[in-house]
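Work through these exercises with the model open beside you. Try each task before reading its solution.

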Amino acid sequence: MLYGADYNPDQWPEDIWPDDVALMREAGVTTVSLGIFSWSRIQPGPDEWDFAWLDRIIDLLHAGGIGVNLATATASAPPWMTAAHPDILAADENGAPYWHGSRQHHSPSSPTWRRLASELVRRLAERYGDHPGVVMWHVDNELGCHLNEEFSDSARDAFRRWLAGRYGSVEQLNDAWGTGFWSQRYASLEEVFPPRKAPFIRNPSQVLDFKRFMSDMWLEVYLMQRDIIRQAGATQPISTNMMGAFPPANYAQWAPHIDVITDDCYPDPLDPQRPLTTAFQRDLVRSLKRGTPWILMEQATDAVNWRPTNPSKKPGQLAAETAQSIGRGADGIMFFQWRQSRAGAEKFHSAMVPHAGTRTRTWNETVALGERLAELPALPAPGDDAPVALVFDWENWWAVEGEGHPTRLDYLQLVRDWHGALVRRGVMVDIVPPEKVDARYRLAIAPFLYLLRSSGADALRAFVAGGGVLAAGPFTDIVDDNDRFRDGGFLTQLGPVLGVAFEDFRALVPPARERIAERAGEEGSAADAAEDPRAYARFAGRVAGSGTIVAESVWADDAEVLATFETGPSAGRPALTRRAHGDGSAWYLATMPADLDGVLDALLDDAGVSGELDQVPAGVEVARRGDLLTLINHGDEAVEVTAPGTVLGSENPFGTRTLDPQGFAFVRAVR
Ligand code: GAL
């Protein structure tokens, strides 16, 4: 188990360094991420290099038994560079540059920046590639964090090249982007720009491609640095720290290129759903490389300083959040940062060593946590055996929230709602793109999968044919990869397996809810004769309620209607359908149930999936990795939990025990 933090010794006089190492040992620190923002110290001028301080601190840490996760230091370009090479600067949607004085002001597309960054990374890799104290490489930092999109001339040129690679010719691009609309036809790729500021809704296909392009630019920065490190002969694992469900970076595409998934997570203390929101993030990053552990590369020991107000964590919350990460697959727990900065933009941000020193709750909690982690026996690898796949797809995220749609959606929250309902039941779930839905799962839920690639549709159909239970919809299977309607209407790919045909979307104006009754109205179901009354009876009493966001009008041509709309624009039409298919079944939701519980219970029942515990008390989370159960009480009251198995590291049965608020336990499960 790695334990440690970002370490920024270049912010401090050198005589503090030995104290730092001594305190690190006291806190149980095993590893630090070093030099993330050190470019201007390493290269103070175009032809000046200073590695001596870095040699000294790496040697000192190594002698103290602390491993170094060495950063490539490219996350903030030095001021001399912007003065000498203004073409490295990123630009906003007006084309106006971002200047130095903060961080990440460079364009990832800039050839000059790439050349200078390559030189830095090459020197670092050649110098430290075989240093025994360097255990891992930390490429850049949170790629794209502040520059989700940037519109500089470098971006423009790179975008044109990227489009040439994707489409081959301007004719293909015109077709893909539907430029016949609003006089947007291009005569050459040289006329194409990034989607800079425009008077009204911008071409959605262009916007979608630009998001793909930005994700690819940051990935290219990672790949460039990774290749340089490898060419220098370094053999340590290489990673770059992710940010969970971070909109601009399609991590599902990045993951195969990254040796170890590392993630930064800063739970919002004011988020009423906090433990569920963070559980989603942990499951998402675990699912990026199923069956392998990941590293929590950054969390805060206490308050952050970049939200409008920054309350402290509750006593014990830090340990509980750490347990959640471990329970959901983490094999490393790291913080931003080791020693609280005394100057600069983050001086109010918490750290392992607060500015007030070691006579602090934060220091005591981090030392206690280090001790607790050091006592843990070797943990099983996260199993690749979650029974449920929740489909979450970045390209769809970009497209489904586009402008000019029937209604505005918060896709991430809608997917999280399903995830939260599964977590409350103690059901383990992977969060994957549709292509990753395969026979290892028993249930797949695909909400709001508006952009459905044909490869994804193939996987979902094969999943049902192979005996899986698929729940799709609403607002699903609407556009192709370029955000164009497919020929032949909607649900063109999944309709046959769902047994449903699509008529219209019927957006609901929030907070409108339309009542759903179990099979109250038969109108719209052409399949009544084929209905299986036993199947209907199995789900009776569970699928009534109300629907939100859309009340679609669909035809259940070859599916059983489990519930119909009683009110609203689609009154009398199917709200929830099921088509049995071999051993599997395909369900369609023509609305987003306001309360997911009944429908989810019916789906889990259909798929034969149950939670990890017989009873999951309210506020308690249970997660499983291999045969290890992690139980956490996120509530404010003590609660009794019963679990099968023995307390980790002993022969004592867990039985029924009380978990205090923020209390947690690790249990070796008996299965
Ligand atoms: C992260 C970043 C760190 C630090 C931290 C503060 O996004 O990687 O460098 O700024 O936030 O919470």
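The exercises below cover the ligand site and then the salt bridges of this predicted model.

**Exercise 1.** Find which residues are around the ligand, and sort them by class.

*Solution.*
Step 1. Pick residues with a heavy atom within 4 Å of the ligand.
Step 2. This gives Phe37, Arg103, Asn141, Glu142, Asp264, Tyr266, Glu298, Trp306, Phe336, Glu346 and His349.
Step 3. Sort this shell: four residues are nonpolar, two are polar and five are charged.

**Exercise 2.** Check how far the side chains of Glu298, Trp306 and His349 are from oxygen atoms of the ligand. Then say how much of the ligand the protein covers.

*Solution.*
Step 1. The cut-off for a polar contact is 3.5 Å between N or O atoms.
Step 2. For Glu298, a side-chain N or O atom is 2.8 Å from a ligand oxygen.
Step 3. Trp306 places a polar side-chain atom 2.7 Å from an oxygen of the ligand.
Step 4. For His349, the distance from a side-chain N or O atom to a ligand oxygen is 2.6 Å.
Step 5. On its own the ligand has 310 Å² of accessible area, and the protein covers 95% of that.
Step 6. As for location, the ligand sits in the largest pocket.

**Exercise 3.** Explain why the salt bridge between Asp153 and Arg196 ties together separate parts of the sequence.

*Solution.*
Step 1. Side chains of opposite charge can pair when their charged atoms come close.
Step 2. With a 4 Å cut-off, the model has 51 salt bridges.
Step 3. In the bridge of Asp153 with Arg196, the closest N and O atoms are 3.2 Å apart.
Step 4. Asp153 belongs to helix 6 (residues 153-167), while Arg196 is in the loop between helix 7 (170-177) and helix 8 (204-231), so the pair links parts 43 residues apart in sequence.

How values were computed
Residues numbered from 1 in each chain as written. Predicted model: local features only at pLDDT ≥ 70, side-chain atom pairs only at ≥ 80, totals over all residues. Heavy atoms only, no water. Polar contact = N/O pair within 3.5 Å; in protein donor to acceptor, adjacent residues only side chain to side chain. Areas by Shrake-Rupley, 256 points an atom, 1.4 Å probe, with all protein chains shown as cover. 1 Å grid on protein atoms, 1.4 Å probe; cavity = no way out; pocket = protein on both sides within 12 Å on 5 of 7 lines; lining within 4 Å. Sits in = over half its atoms within 2 Å of the grid points. Nonpolar A, V, L, I, M, F, W, Y, C, P; charged D, E, K, R; others polar. Salt bridge = Lys/Arg side-chain N within 4 Å of Asp/Glu carboxyl O. Helix = DSSP H or I, 4+ residues; strand = E, 2+ residues; numbered from the N terminus.
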